[in-house]
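Welcome, and thanks for taking a look at this one with us. Below is a short briefing to read alongside the model, grouped by topic so you can rotate the view as you go.

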Amino acid sequence: MEKTFSIIKPNSVLDNNMGNIIARFEKEGLRIAAAKLTTLSKEKAEGFYIEHKERPFFGELVSFMTSAPVLLLCLEGENAVDKNREIMGATNPADAAEGTIRKLYAKSVGENSVHGSDSQAAAEREINYFFEASEVMERWN
Ligand code: CMP
């Protein structure tokens with residue numbers, strides 16, 4: 001079983017879409033292996049998005065991601081990384097396929113409802129960045 005990492009972003013939490021998004025993950029066979037509802041500090045958000053540090057939208061991204069609570073999730077399932085990317089849709093909701101989470105709930109490329117790991121290596125880094133090993137559920141079936 002593969003793991004991936006997801007963030008349900010502030011706009012989804014404030015719009016009461018957290019449950020809809022979780023239901024979608026579970027319906028598509030992704031199990032919630034760990035979850036934390038938290039408001040990110042500036043330092044934690046900057047560290048998470050460090051690869052985007054030089055991008056013009058970095059300040060806006062950190063400011064949005066610290067503006068309200070987020071739900072941090074470790075998801076587990078077959079081909080979890082690719083499956084989650086498919087369910088999320090393109091980064092920019094204008095380009096996202098019909099029925100994807102971003103098409104349904106995102107407001108803009110910045111307020112795009114969810115983050116998801118783009119590779120297995122990224123998933124490992126991102127899960128370890130937010131969760132202790134002991135916080136991630138072990139499979140029992
Ligand atoms: P995410 O998957 O969280 O990874 C990096 C984020 O940067 C991305 O989703 C977008 O929300 C955000 N992003 C990318 N391009 C832009 C942009 N042009 N303006 C604002 N935010 C952006």
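Which side chain meets that of Lys3 in a salt bridge? The partner is Glu76, with N to O at 3.2 Å. Please keep in mind that this is a predicted model. The notes start from that pair, then move through the strands, three of the helices and the nonpolar cores.

**Salt bridges**

- The structure contains six salt bridges, and the one between Glu76 and Lys3 ties together distant parts of the chain. Glu76 belongs to strand 3 and Lys3 to strand 1, with their positions 73 residues apart.
- The two partners sit in contrasting surroundings: Glu76 counts as buried because its relative accessible area, 3%, is under the 20% cut-off. Lys3, at 30% relative accessibility, is partly exposed.
- Another long-range pair is Glu135 with Lys36, whose closest N and O atoms are 3.2 Å apart. Here the segment after helix 7, which holds Glu135, is linked to Lys36 in strand 2, 99 residues away.
- Glu135 is partly exposed at 36% relative accessibility, and Lys36 is partly exposed as well, at 26%.
- Glu28 and Arg24 also form a salt bridge, with 2.8 Å between the closest N and O atoms. Glu28 is partly exposed, its relative accessible area being 30%.

**Strand 1 and its partners**

- Strand 1 spans residues 2-8, and six of its seven residues are buried.
- It runs antiparallel to strand 3 (residues 70-77), to which seven bridges join it. Within this pairing, Glu2 stands opposite Gly77.
- Strand 1 also pairs with strand 4 (residues 114-116), again in the antiparallel sense, over three bridges. Ile7 of strand 1 faces His115 of strand 4 there.

**Helix 4**

- In helix 4 (residues 58-65), the buried residues are Phe58, Leu61, Val62, Phe64 and Met65. They lie on the same side of the helix, because the arc they cover around the axis is only 165°.
- Strand 1, helix 1 (10-14), helix 3 (42-48) and strand 3 are among the elements that cover those buried residues.

**Helix 5**

- Helix 5 covers residues 80-88, and its buried residues are Ala80, Val81, Asn84, Ile87 and Met88. These occupy an arc of only 135° around the axis, so they share the same side of helix 5.
- A little geometry helps here: an α-helix has 3.6 residues a turn, so residues three or four places apart point the same way.
- Exposed residues Asp82 and Glu86 are carried on the face of helix 5 turned away from the buried side.
- The buried residues of helix 5 pack against strand 1, helix 2 (18-27), strand 3, helix 6 (101-105), strand 4 and helix 7 (120-130).
- After helix 5 comes Gly89, which has a positive phi near 85°.

**Helix 7**

- Ala122, Ala123, Glu126, Ile127 and Phe130 are buried in helix 7. Viewed down the axis, the buried residues fall within an arc of 125°, so they line one face of helix 7.
- Ala121, Glu124 and Asn128 are exposed on the other side of helix 7.
- The cover over the buried residues of helix 7 includes strand 1, strand 2 (31-38), helix 3, strand 3, helix 5 and strand 4.

**Nonpolar cores**

- Which residues have the most contacts inside the largest nonpolar core? They are Phe5, Ile7, Leu72, Phe130 and Phe131, in a core of 20 residues.
- At least two residues of this core come from each of strand 1, strand 2, helix 3, helix 4, strand 3 and helix 7. Helix 4 gives the most, supplying five residues.
- Leaving aside residues up to four places away in sequence, Leu72 touches Phe5, Ser6, Ile7, Ala34, Ala35, Lys36, Thr38, Leu40, Phe130 and Phe131. That list includes Lys36, the residue that forms a salt bridge with Glu135.
- Another core lies apart from the largest one and has 14 residues, among them Val13, Phe25, Leu30 and Ile87. Ile87 is also one of the buried residues of helix 5.

Methods:
Residues numbered from 1 in each chain as written. Predicted model: local features only at pLDDT ≥ 70, side-chain atom pairs only at ≥ 80, totals over all residues. Heavy atoms only, no water. Buried < 20%, exposed > 50% of the residue type's maximum accessible area, 1.4 Å probe, protein only. Helix = DSSP H or I, 4+ residues; strand = E, 2+ residues; numbered from the N terminus. Pairing = 2+ DSSP bridges. Arc of directions from axis to C-beta. Contact = heavy atoms within 4.5 Å. Salt bridge = Lys/Arg side-chain N within 4 Å of Asp/Glu carboxyl O. Core = buried A, V, L, I, M, F, W, Y, C linked by side-chain atoms within 4.5 Å.
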